[in-house]
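Q: Could you take a close look at one part of this protein for me, the place where two helices pack together, and then walk me through what surrounds it? I'm new to this, so plain words please.

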Amino acid sequence: MLVLGIESTCDETACAIVRDGGEILSNIVSSQIDLHREFGGVVPELACRRHVDILIPVIDEALRTAGITLKDVDLIAVAHGPGLIGALLLGLNTAKSLAFALNKPFIGINHIEAHLYAALMSRHKRVNFPALGVVLSGGHTSLVLMNDIGSYTPIGQTIDDAIGEAFDKVAKILGLPYPGGPEIEALAKEGQEIYPLKPGRVKERPFDFSFSGLKTAALYTLRDNGQSPTIKQDLAASFQKAALTDVVNKTLLAAEKLGCKAIVFGGGVTNNKALRALFEKKNSNLNYIWPAAGLSLDNAAMIAGLAYHRYQQKGSGDSLDLEALTNMPF
Ligand code: KG4
Ligand code: ZN
């Protein structure tokens, strides 16, 4: 089954063609980083305008790269939430129009669920469930019990900033460009973890996260110690260590409590090599499953891949009155 997937939830315009949930024939991602960099974050109106300009060319390129035409596509899939409402509507209505015009089934996908599927794309048959899903992105920080593809129980989430958002905001405090995650990772390599920054604890919810206090602590550390390059390096290292250690500890605790056999990672922050090293250092018996290169940041291959399974499970597509959802429960 050939699935055409569309992703436009935030600041990436993407289209991919995937066969049977795992074979990626094309995975085209047009990033808008250049557009938003001068503002230090995503400007929704600008994101929408860029989606309008390039969504159709990106779809054309995905078809051309895969060596197929629209007639060959069996299912049209789109991320219909969560995300920026205008951006979601553009992808959703494009997908609906294609499905209607071509008389093909159409299906809406949860973007966060797709981030977890990304790691399983080429190897889902080898995952031992139950697994713990860990989504670490610019918009989400979630721990999810995965009993199978499509069967999830939320375990924990952030009560304020997402972890990627915290990286982006601390980067801004340090005068680094957007997106801040890779910038902090690079600066942290030069510094020492000398500042005792502490991530937030959420009363009686051991698997929830709070990163906004960490961000404020970073701001005060810089204010109180000055702005020298060494201080910035040490602050980047200390912030990164505190945020990532919190994720590692809560993840491993949850996995143990829930009897998980594997941990499935998704989202842009899982690109961070220090995070991967911290998990590997823990030497647990858990099978760590990381997304392949090109599948951790926002992309449409994960949308098209997951759509194949949803369609098989459901036995039909979604109705064309499916709505865009800025928030979407797991
Ligand atoms: O998954 P993603 O593309 O978008 C969302 O769905 O939000 O993730 C983007 C986020 C940004 O906040 C970015 O700063 C962060 O992932 N990120 C990183 C790294 N690479 C990207 N954070 C920490 N370390 C990295 N190497
Ligand atoms: Zn994402």
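**Two helices side by side**

A: Let's start with the pair itself: the axes of helix α5 (residues 163-173) and helix α8 come within 11 Å and cross at roughly 175 degrees. Keep in mind that this is a predicted model. Why give those two values? Because two packed helices are described by the angle between their axes and the distance between the axes. Angles over 145 degrees count as roughly antiparallel, so α5 and α8 are roughly antiparallel to each other.

Now zoom in on the residues that do the touching. From α5 come Ile-163, Ala-166, Phe-167 and Val-170. They meet Phe-239, Gln-240, Ala-243, Leu-244 and Val-247 of α8. Sort this contact by class and you get 8 nonpolar residues, 1 polar and no charged ones.

Next, follow α8 away from its partner. Helix α8 spans residues 229-257 and lies across β6 (131-136), β7, β8, β9 (262-266) and β10. Compared with β6, α8 runs at about 160 degrees.

What do those strands make? They form an open sheet of 5 strands, ordered β8-β7-β6-β9-β10, and the pairing is mixed. At the edges sit β8 (151-157) and β10 (287-289), each pairing on one side only. Neighbouring strands in this sheet are turned by 25 degrees against each other on average, if you ignore direction.

For a feel of how two of these strands line up, take β7 (residues 141-148) and β8: they pair in the antiparallel sense over 6 bridges. Within that pair, Leu-145 has Thr-153 of β8 as its bridge partner.

One more stop, going on from the edge strand β10. In the loop between β10 and α10 (301-314) you'll find Asn-299. Is Asn-299 buried or exposed? Its relative accessible area is 0%, and buried means under 20%, so Asn-299 is buried.

The side chain of Asn-299 also has polar company: one of its polar atoms lies 3.3 Å from the backbone oxygen of Leu-295, and a polar atom of that side chain lies 3.1 Å from the backbone nitrogen of Ala-301. Setting aside neighbours within four places in sequence, Asn-299 is in contact with Glu-7, Ala-14, Asn-27, Val-29 and Gly-294.

Just past that loop, α10 lies across β1, β2 (12-19), β3, β4 and β5, running at about 115 degrees to β5. Those strands belong to another open sheet of 5 strands, in the order β3-β2-β1-β4-β5, again with mixed pairing.

Methods:
Residues numbered from 1 in each chain as written. Chains lettered and ligands numbered in written order. Predicted model: local features only at pLDDT ≥ 70, side-chain atom pairs only at ≥ 80, totals over all residues. Heavy atoms only, no water. Pairing = 2+ DSSP bridges. Helix = DSSP H or I, 4+ residues; strand = E, 2+ residues; numbered from the N terminus. Axes fitted to C-alpha atoms, helices over the stretch in contact; angles between N-to-C directions. Contact = heavy atoms within 4.5 Å. Buried < 20%, exposed > 50% of the residue type's maximum accessible area, 1.4 Å probe, protein only. Polar contact = N/O pair within 3.5 Å; in protein donor to acceptor, adjacent residues only side chain to side chain. Parallel < 35°, antiparallel > 145°, perpendicular 65-115°, else oblique. Nonpolar A, V, L, I, M, F, W, Y, C, P; charged D, E, K, R; others polar.
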